[in-house]
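Let's work through a few short exercises together. Take a look at the model first, then try each task before reading its solution.

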Amino acid sequence: MVGALKAADGNEHYRMKRFPEAVQMYEQAVAIQPHYLTCHSNVCAVMMQTGMDDQALVFCHYLLGRCDVMNEKCVDGASPAKVERVYSKNARIHAQRKEFD
């Protein structure tokens, strides 16, 4: 429950474009709920908003590789909808760069 509150605080900072504060709240949420994909995915969103696309791509790939572990440790930790959002972030970066296969 506390992790969800931290994530909600992070979302509010994100909406206000206070990205350092958003990351701080998301990282606190991750410390409380390390196997909840949404908190990690929100950090990717901040990276994308602040021009850290290379780091966001690396982090997306890392997260996608950990989905099975997240689901083992947390019911619904990496649900299909949450995994889809990480793939979407990954695709958005590649599309912006016009990197198509």
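**Exercise 1. Find how much area the protein chain exposes, and the share that carbon and sulfur atoms supply.**

Step 1: The exposed area of the protein chain is about 6,100 Å², computed by the Shrake-Rupley method with a 1.4 Å probe.
Step 2: Of this area, 56% comes from carbon and sulfur atoms.

Before going on, note that this is a predicted model, where local features need pLDDT of at least 70, side-chain atom pairs count only at pLDDT 80 or more, and totals for chains, interfaces and linings use all residues. Residues are numbered from 1 along each chain as its sequence is written, and side-chain values use heavy atoms, leaving out hydrogens and water.

**Exercise 2. Work out whether the radius of gyration of the protein chain agrees or disagrees with that of a compact globule.**

Step 1: The radius is taken over C-alpha atoms, and the globule rule is 2.2 Å times the number of residues to the power 0.38.
Step 2: For 101 residues, the rule gives a value near 13 Å.
Step 3: The protein chain has 13 Å, so the two agree.

**Exercise 3. Explain why Cys-39 and Cys-74 form no bond.**

Step 1: A disulfide needs two cysteine sulfur atoms within 2.5 Å.
Step 2: The sulfur of Cys-39 has its closest cysteine sulfur in Cys-74, 9.4 Å away, so a bond is ruled out because that is too far.
Step 3: The structure therefore holds zero disulfides.
Step 4: Cys-39 is also buried (under 20% relative accessible area, 1.4 Å probe, protein chains only), with a value of 1%.

Notes: Buried means under 20% relative accessible area, exposed over 50%, partly exposed in between (1.4 Å probe, protein chains only).
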